[in-house]
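Pull up the model and keep it in view while you read. We'll start with what counts as buried, then walk through the fold piece by piece.

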Amino acid sequence: MSRGRGIDGLSGTDKDKLLAGVRATRKAAKGRRPTELAAVRDAKRRTAFDFGELQPVRQMRMQRAAADLLGIENPYFRSHAGIAGNRTTIGNREYINFSSYDYLGLNGHPAVIDAAKSAIDQYGVSVSASRLVAGERPIHRDLERGLAEFLGVEDCVVMVSGHATNVTTIGHLLGPKDLVLYDALIHNSITEGARLSGATRRMFPHNDLDALEDMLTQMRDRAERVLIVVEGLYSMDGDMPDLPRLLSIKRRFDAWLMVDEAHSLGVLGATGRGLAEHWDVDPNEVEIWMGTLSKTLCGCGGYIAGSTTLIEYLKLSAPGFLYSVGMPGAVAAAAKVCLDLLEREPERVARIRENGHRFVARARERGLDIGPSAGYCVVPVIVGESVSAALLSQRLHDGGVNALPIIFPAVAERSARIRFFVTAAHTDEEIDTTVDLTAEALAEVRAAGSQLKKLVGDRVRS
Ligand SMILES: Cc1ncc(COP(=O)(O)O)c(C=O)c1O
């Protein structure tokens with residue numbers, strides 16, 4: 001029997017159908033034994049808790065399957081047999097290596113190894129406590145004072161991870177009433193720190209300081225404190241920001257400036273003192289200098305350098321420092337010797353600059369797209385699609401060069417690339433051979449490109 005439309009908008013017929021459905025479901029459920037119901041519930045739970053059902057995991061597996069189809073080996077997590085400098089051994093083969101952060105070629109230097117070994121003899125392999133309680137060792141302050149002096153600021157604190165240094169420092173200094181503005185190519189550790197702080201976060205287009213000024217004009221008055229974060233030398237594009245202009249902006253808008261020197265310490269400036277030396281500005285004009293020990297200093301960990309007050313505050317309250325174990329003596333001792341070597345041997349800094357410049361000059365000659373790289377330790381060769389970057393990396397590997405692809409989502413799909421880390425240890429011949437091989441291999445990949453797209457399309461459709 002058909003009835004008129006009810007107040008809930010369903011027609012009488014629809015309501016009858018709905019009720020019948022509900023009754024049928026109840027009856028079916030009643031008919032099921034509790035064990036059957038439990039089995040259904042368990043199956044649902046298993047799916048919900050299966051990591052393999054997570055969307056990013058499925059996406060990763062699809063990418064891997066596509067790469068397998070194309071015969072591309074997994075370039076990640078390859079195991080290296082010894083010290084990975086300008087040369088490295090993978091399996092039983094030696095490669096020219098452009099994937100190491102050992103910018104000044106100090107990993108394995110006899111003085112660095114000796115320092116680490118004698119620190120182990122003296123302190124063991126762990127300091128076994130947070131520095132606040134029982135983990136402090138003299139080598140920690142030696143390294144921190146050495147870094148502060150080298151950088152030309154009042155003090156410094158080292159933490160056990162570069163990534164965690166950024167997360168805890170930004171997460172701790174800023175709060176929900178504040179604003180963090182960072183470059184679009186900033187490292188993940190900065191964005192994670194900003195997220196943790198609860199501050200309003202905004203990204204300005206890469207190195208676009210006009211856009212930064214516009215954002216500050218619109219947003220400054222709504223925030224209590226403002227932090228601007230840039231990198232000394234960008235790890236993806238290998239270029240640097242205009243520090244004098246950033247200083248004038250941050251003064252005008254009453255903001256703090258933080259510079260992450262992971263890739264510029266030991267690289268920029270005539271004596272490797274980084275971005276401030278490169279632009280010839282007083283380092284004390286920047287509130288927060290950050291750097292890692294994992295690149296030029298051949299260790300593991302990060303530092304914050306700046307005013308005595310900032311460092312004291314972080315040492316007494318930043319969770320990632322306070323509630324984390326102190327840096328092992330061997331790591332601190334090795335980093336301190338690397339710092340001494342950097343100071344004593346500025347020719348290493350000159351060499352990395354020459355090498356970086358040589359790489360980009362030759363790459364340009366060969367028609368490669370190196371983006372805005374300034375020709376220091378980071379030189380991208382931008383290829384376009386992720387598949388092409390992965391194929392190019394594989395061809396380089398086959399030809400005896402280890403250089404890894406950076407693909408979507410780490411960079412936009414259109415700007416997938418091979419990233420070359422140039423070091424002071426590379427020889428002219430290694431650079432020339434690598435650039436030439438890259439140009440030849442890229443031409444082959446491009447030639448095969450349209451066929452490849454067709455092949456992928458066909459496989460996906462079938
Ligand atoms: C710009 C930048 N900041 C911070 C980090 C994190 O440093 P670490 O790898 O020493 O933890 C990296 C890592 O490569 C980086 O490139």
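One definition before anything else: a residue counts as buried if 20 or more other C-beta atoms lie within 10 Å of its own, as exposed if 12 or fewer do, and as partly exposed in between. With that in hand, look at helix 2 (residues 34-48): the count of buried residues among its 15 residues is zero, so by that cut-off the helix is hardly covered. Its length is what you'd hope for, because 15 residues at 1.5 Å a residue should span 21 Å, and the end C-alpha atoms of helix 2 are 21 Å apart.

Keep in mind that this is a predicted model.

**The overall picture**

The chain has 462 residues, and 43% of them count as buried. It contains 17 helices and 13 strands. Measure along the principal axes, and the C-alpha atoms fill a box of roughly 95 × 55 × 50 Å. As for how the chain folds back on itself, take the contacts between residues at least 6 apart in sequence: 69% of these join residues at least 24 apart.

**Two domains**

The domain assignment splits the chain into domain 1 (57-103 + 346-461) and domain 2 (110-344). Their centres, taken over C-alpha atoms, are separated by 28 Å. Where they touch, 18 residues of domain 1 are in contact with 19 residues of domain 2. On the domain 1 side, helix 15 (347-365) and strand 10 each supply at least two residues. What is that side of domain 1 made of? It divides into 14 nonpolar, two polar and two charged residues.

**Helix 16, a contrast to helix 2**

Now go to helix 16 (residues 386-398). Ten of its 13 residues are buried, so helix 16 is largely enclosed by the rest of the structure. The buried ones include Ser 386, Val 387, Leu 391, Leu 392 and Leu 396. From first C-alpha to last, helix 16 reaches 18 Å, close to the 18 Å expected at 1.5 Å a residue. After helix 16 comes Gly 400, whose phi is positive, near 95°.

**Strand 13 and its partners**

Is strand 13 (residues 416-421) enclosed or open? Enclosed, for the most part: six of its six residues are buried, so the rest of the structure largely surrounds it. In a regular strand the side chains alternate between the two faces of the sheet. In strand 13, Ala 416, Ile 418 and Phe 420 point one way, Arg 417, Arg 419 and Phe 421 point the other way, and all are buried. That includes two arginines, Arg 417 and Arg 419, if you're scanning for charged side chains.

Strand 10 (residues 378-384) runs antiparallel to strand 13, joined by six bridges. Strand 12 (residues 404-406) also pairs with strand 13 in the antiparallel sense, over three bridges. Here are some residue pairs from the strand pairings, with one from the sheet described next:

| Residue | Stands opposite | Strand of the partner |
|---|---|---|
| Pro 380 | Arg 419 | strand 13 |
| Pro 405 | Ile 418 | strand 13 |
| Ile 96 | Val 401 | strand 11 |

**A three-stranded open sheet**

There is also an open sheet of three strands in the order 1-2-11, with mixed pairing. Strand 1 (87-90) and strand 11 (401-402) stand at the edges with a single partner strand each, so one side of each is left without a neighbour in the sheet. Strand 2 (residues 93-97) pairs with strand 11 in the parallel sense, over two bridges.

**Around the ligand**

Which residues come closest to the ligand? Of the 13 that surround it, the closest are Gly 162, His 187, Ala 262, Thr 292 and Ser 294. Helix 7 (residues 162-173) gives the most to this shell, with three residues. By type, the shell divides into one nonpolar, ten polar and two charged residues.

Ser 294 deserves a second look. You'll find Ser 294 in the loop between strand 8 (288-292) and strand 9 (302-306). It has 19 C-beta neighbours inside 10 Å, so Ser 294 counts as partly exposed. Leaving out residues up to four places away in sequence, Ser 294 touches Tyr 101, Gly 162, Gly 299 and Cys 300. Arg 348 is 54 residues from Ser 294 in sequence and 17 Å from it in space, C-alpha to C-alpha.

Conventions. Residues are numbered from 1 along each chain as its sequence is written. This is a predicted model: local features need pLDDT of at least 70, side-chain atom pairs count only at pLDDT 80 or more; totals for chains, interfaces and linings use all residues. A residue is near a molecule or strand if its C-beta atom, placed from the backbone, lies within 6 Å of it. Helices (H or I, at least four residues) and strands (E, at least two) are DSSP runs, numbered from the N terminus. Two strands pair if DSSP finds at least two bridges between them. Two residues are in contact if their C-beta atoms, placed from the backbone, lie within 7 Å. Domain bounds come from an automatic or database domain assignment. The expected span of a helix is 1.5 Å times one less than its number of residues.
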